[in-house]
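Student: Could you take me through one part of this chain up close? I'd like the sheet, plus enough of the whole chain to place it.

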Amino acid sequence: MRSGSRLRVGVLLIAAVLAAATSSMAQLRRIPAQITPFLDADAARAGSTVRAALKVALPDGFHVQSNKPRDPLLIPTELNVEAPAGVTVEEVVFPKAHDFKQEGLPEPLLVFEREFLIGVRLSLPADLPPGDLVVPARFR
């Protein structure tokens with residue numbers, strides 16, 4: 001592969017919504033979440049870094065626990081990126097969580113509401129062949 005040749009990045013993140021979101025009353029109840037992947041560029045070079053994001057849109061009135069809930073018994077929001085061989089997940093960035101006061105609890109919950117972005121930074125290997133690269137991810 002010549003130095004400087006471009007790698008066409010296809011669908012970078014495939015969101016497999018396992019347990020898309022949880023409500024405060026029934027943590028295991030699945031609610032529909034619209035997941036949209038974004039890339040910072042249409043193409044990337046082998047040996048470079050790629051930034052991507054997942055936009056998560058929840059129905060009105062719903063929220064999900066943050067990635068670091070205050071109560072260890074609550075299920076955190078997770079994004080598990082299954083990087084292909086040679087690709088390194090450098091960073092996963094969650095947004096700032098918001099306090100959600102729940103009657104009967106001594107502390108507010110830390111939640112993500114309505115729409116939020118989860119960022120991912122990937123490092124591509126220098127010897128990555130040209131073509132589409134699919135990086136599966138599971139949002140829970």
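Tutor: Let's start with the whole chain: among its contacts with a separation of 6 or more, 75% are between residues 24 or more positions apart, a contact being heavy atoms within 4.5 Å. Keep in mind that this is a predicted model, where local features need pLDDT of at least 70, side-chain atom pairs count only at pLDDT 80 or more, and totals for chains, interfaces and linings use all residues. Residues are numbered from 1 along each chain as its sequence is written, and side-chain values use heavy atoms, with hydrogens and water left out.

The chain has twelve strands and zero helices; both are DSSP runs numbered from the N terminus, strands being E with at least two residues and helices H or I with at least four.

Now the sheet. Four strands make an open sheet in the order 3-5-11-8, with antiparallel pairing; strands pair if DSSP finds at least two bridges between them. At the edges sit strand 3 (34-39) and strand 8 (88-93), each pairing on one side only. From one strand to the next, the twist averages 20 degrees, using lines fitted to C-alpha atoms as axes and angles from 0 to 180 degrees between N-to-C directions.

Zoom in on strand 3: six bridges tie it to strand 5 (residues 49-57), and the two run antiparallel. Along that pairing, P37 stands opposite L54 in strand 5.

Back to the whole chain, 37% of its 140 residues are buried, meaning under 20% relative accessible area with a 1.4 Å probe, protein chains only.

How values were computed. Buried means under 20% relative accessible area, exposed over 50%, partly exposed in between (1.4 Å probe, protein chains only).
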